[in-house]
Amino acid sequence: MTHTQPVYFVSHGNTSWIDAHEDSAVQFLRNLGSSVQAGVGFGAFAEFPIPKAILILSAYWETKSTIRVTTAAQHSLNFDGCRDLNNKVTYAVPGDPSLAATVIELVKSAGFAVEEESARGLDHGAFVPLMQMFPSCSIPVVAVSLLATKKPADLISLGTALKPLRSDGVLIIASGALIHNPKELAKATRLGVKVDAPVQPWAARFVKMVEDAVVPNGGEEPGRGDRVLDVYGNSNFKLAQPTWEHFAPLAVAVGAAGDEDSAELLFSRWSLGHISDDCFGFGMTRKQ
């Protein structure tokens, strides 16, 4: 049994997932989380020890110039962007101030400006997937902000700085989406596009490029970081990611994995003709 925790990039979906018990993406998150909490293998993959803590990065928490790390012993929830859920949703997951201090030192040592964050609650990019994966709140969580940067290599460097935590029993989860274009979503809604509508060619080409960058030839080909950086220059990137932040968690996950860890496409689904719910796992070993 390996003692180095994996890295997961998950699609955070939307707040409707909180009660969407039959949704296939929600079921995937629940099954993945159940395997983590039980310390058993997920599907065809070997087991990992139960993590001592979870570090999460959400597309909805970007900070300028200075990375922030939650230090609270008990998390609250941040309902910015989903005020209708205020006082209707609870998720009483503990924090881990000791781990937060370690994270701050690692990030600082990598040359980033970093500060403690004692007040901000978990946003829906964090609490929606966490509620599905770890409903018992038995594993403490530390959240780290994404750097609002126009230098994607900085995001991979942030992931590299966090990588040592994995060998100390910390599971890293990066929560975002391969495609996040509110205007495309609004257009699909206005036109009455069906959930199972055919995938738009530009979206299919873009996601295929990302999948090939992350999981080429079985997922163990060197140069993954460079290939993901190349995605930022793809002609469809601006359409898929007008404001970058939902792709940023994948770049951090790639940095936290490094080239030496295999990558796996764990879940894939399309909806409304352009939304991809791809989820990746890094550092997972297939059962013998």
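Let's start with Arg-120, which is partly exposed in this predicted model, with a relative accessible area of 21%. The side chain of Arg-120 meets that of Asp-123 in a salt bridge, at 3.2 Å from N to O. And is Asp-123 buried or exposed? Asp-123 has 4% relative accessibility, so it counts as buried.

Keep those two residues in mind for a moment, as both turn up again in the lining of the second largest cavity. That cavity has a volume of about 40 Å³. Along with Arg-120 and Asp-123, its lining includes Ser-58, Trp-61, Gly-121 and Leu-122, and Ala-126, Ala-143 and Val-144 belong to it too. Sorted by class, you get 5 nonpolar, 2 polar and 2 charged residues.

Now, how many cavities of 30 Å³ or more does a search of the whole structure find? The count is 2. The largest cavity holds about 80 Å³ of space. It has 13 lining residues, and nearest its centre are Tyr-8, Ser-35, Val-36, Val-40 and Phe-48. Here the lining splits into 9 nonpolar, 3 polar and 1 charged.

Back to salt bridges, since I know some of you will want to look at the electrostatics. Over the whole structure the search gives 12 of them. Take Glu-117 and Arg-68, whose closest N and O atoms are 2.9 Å apart. Glu-117 sits in strand β5, residues 113–117, and Arg-68 in strand β4, residues 66–70, so this pair ties together parts that are 49 residues apart in sequence. Glu-117 counts as buried, at 13% relative accessibility. Arg-68, with a relative accessible area of 21%, is partly exposed; the cut-off for buried is under 20%.

Another one to click on is Glu-260 with Lys-163, where the closest N and O atoms are 1.9 Å apart. What does this pair tie together? Glu-260 is in the loop between α9 (248–257) and β9 (263–267), while Lys-163 is in the loop between α4 (152–162) and β8 (170–176), so the bridge links parts 97 residues apart in sequence. Glu-260 counts as exposed, at 56% relative accessibility, and Lys-163 as partly exposed, at 24%. There is also a network: Asp-23, Arg-269 and Asp-277 are joined by salt bridges that share partners.

On to the open space. The largest pocket has a volume of about 550 Å³. It is lined by 27 residues, and the closest to its centre are Gly-13, Asn-14, Leu-185, Ile-275 and Asp-277. So yes, Asp-277 is a name we just met in the salt-bridge network. The elements giving two or more residues to this lining are α5 (182–191) and β11 (275–276). By class, the pocket lining has 10 nonpolar, 13 polar and 4 charged residues.

Last stop, helix α6. This one runs over residues 201–214, 14 residues in total. From first C-alpha to last it reaches 20 Å, close to the 20 Å expected at 1.5 Å a residue. Which of its residues are buried? They are Trp-202, Ala-203, Phe-206, Val-207, Val-210, Glu-211, Ala-213 and Val-214. These buried residues cover an arc of only 165° around the axis, so they lie on the same side of α6. On the face turned away from that buried side, you'll find the exposed residues Pro-201 and Arg-205.

That's my tour. Thanks, everyone, and I'm happy to rotate the model for anyone who'd like a second look.

Conventions:
Residues numbered from 1 in each chain as written. Predicted model: local features only at pLDDT ≥ 70, side-chain atom pairs only at ≥ 80, totals over all residues. Heavy atoms only, no water. 1 Å grid on protein atoms, 1.4 Å probe; cavity = no way out; pocket = protein on both sides within 12 Å on 5 of 7 lines; lining within 4 Å. Points joined across faces, edges and corners; volume = space filled by probe spheres on them. Helix = DSSP H or I, 4+ residues; strand = E, 2+ residues; numbered from the N terminus. Nonpolar A, V, L, I, M, F, W, Y, C, P; charged D, E, K, R; others polar. Expected span 1.5 Å × (residues − 1). Buried < 20%, exposed > 50% of the residue type's maximum accessible area, 1.4 Å probe, protein only. Arc of directions from axis to C-beta. Salt bridge = Lys/Arg side-chain N within 4 Å of Asp/Glu carboxyl O.
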